[in-house]
Amino acid sequence: MHNYTLKNMKTETTFIAIIPARYASTRFPGKPLAKIGGVSMIERVYKRACQCFDQVVVATDDERILSAVEAFGGRAVMTSDQHRSGTDRCREAYAIVGSDADVVVNIQGDEPFIALNQLEALKACFSDPQVQIASLARPFDPAAGFEALADPNTPKVVMADNMDAMYFSRSVIPYVRGAEPSQWPAAVQYYTHVGLYGYRADVLQQLGKLPQSQLELAESLEQLRWLQNGYRIKMAVTTDATIGIDTPADLEAAEKYLASL
């Protein structure tokens, strides 16, 4: 008869969702506190995350955001205003909270309508204990045309057959040889990147020690630092459309979207 201790027993993977939220923004200062349908963006993201995660925390660098989150009953922590990325802010918040969750999920604070099945798809990637980092890709609709595909504000991703990311780029990848650019969207299935990340807690600590890489600096995509250093990023595919809010004009579009629901 075997005498197993609790440490020997395999337990279910645990998660914490962290929502980085900065007040300063070149294109939209105070964006997390902007209201959609009378409810702040940060509250919408927080309450959506609470439907998928037992632990949710906002990581901010501004007292106004901290106060707003606490006012609606959420949990928030103050982090440094010197972070280069949301990943770095997540790492500090994880330490401040003292969480022992196995996986940290970084949810963008400007995605108030993120789909629950997108969050679940990301979580499902970690059923494989070998997965270090996970993210999402969306099939590009050829009807949107080459101009939309070529938008550098919409990063593209190519994946291996095992769904590991091979490369991310602001350029159109892959290149279609022998075809006019207008024909590219229909010639091959393109995928755009959805900026939602999950990291094993120990991997997240390691990522914070990596210097910025040449590829990252060239494309201004932090995930290229991880790939260039040999980390693997498992991708899940989502067909759900989301509305990321980067400008006041995006906020108006979100108001119209909410009214149409």
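Tutor: Two strands count as paired if DSSP finds at least two bridges between them. Keep that in mind for this model, which is predicted.

Student: What makes S6 and strand S10 (residues 191-200) a pair?

Tutor: The cut-off is at least two bridges, and S6 and S10 have four, in the antiparallel sense. The count meets the definition, so the two strands are paired. One bridge can be pointed out: Val 104 has Tyr 199 in S10 as its partner.

Student: How do you know that strand S1 (residues 15-21) pairs with S6, and in which sense?

Tutor: Four bridges link S1 and S6, and their sense is parallel. At least two are needed, so S1 and S6 also qualify as a pair. Here Ala 17 stands opposite Val 105 of S6.

Student: What makes you say that both faces of strand S6 (residues 103-106) are covered?

Tutor: Val 103 and Val 105 lie on one side, Val 104 and Asn 106 on the other, and all four are buried. Buried requires a relative accessible area under 20%.

Student: Why is Asp 61 called buried?

Tutor: Its relative accessibility is 19%. The limit is under 20%, so Asp 61 counts as buried. Asp 61 sits in the loop between strand S4 (55-60) and helix H2 (63-71). Leaving out residues up to four places away in sequence, Asp 61 touches Ala 21, Arg 22, Tyr 23, Met 78, Thr 79, Ser 80, Asp 81 and Arg 89.

Student: How do you know whether Gln 223 is buried or exposed?

Tutor: Gln 223 has a relative accessible area of 3%. That is under 20%, so Gln 223 is buried. Gln 223 belongs to helix H9 (residues 223-228). Residues up to four places away in sequence aside, its contacts are Phe 168, His 193, Tyr 197 and Ile 233.

Student: What makes Gln 223 and Ser 135 a case of distance along the chain versus distance in space?

Tutor: They are 88 residues apart along the chain, while their C-alpha atoms are separated by 10.0 Å.

Student: How much space lies in the largest pocket, and which residues are closest to its centre?

Tutor: The largest pocket holds about 1,800 Å³. Its lining has 50 residues, and those closest to the centre are Arg 27, Lys 31, Gln 108, Asp 110 and Asp 246. Elements that give two or more lining residues include S1, S10 and H9. S10 supplies the largest share, six residues.

Student: What is the make-up of the lining by class?

Tutor: There are 16 nonpolar, 20 polar and 14 charged residues in the lining of the largest pocket.

Notes. Residues numbered from 1 in each chain as written. Predicted model: local features only at pLDDT ≥ 70, side-chain atom pairs only at ≥ 80, totals over all residues. Heavy atoms only, no water. Buried < 20%, exposed > 50% of the residue type's maximum accessible area, 1.4 Å probe, protein only. Contact = heavy atoms within 4.5 Å. 1 Å grid on protein atoms, 1.4 Å probe; cavity = no way out; pocket = protein on both sides within 12 Å on 5 of 7 lines; lining within 4 Å. Points joined across faces, edges and corners; volume = space filled by probe spheres on them. Nonpolar A, V, L, I, M, F, W, Y, C, P; charged D, E, K, R; others polar.
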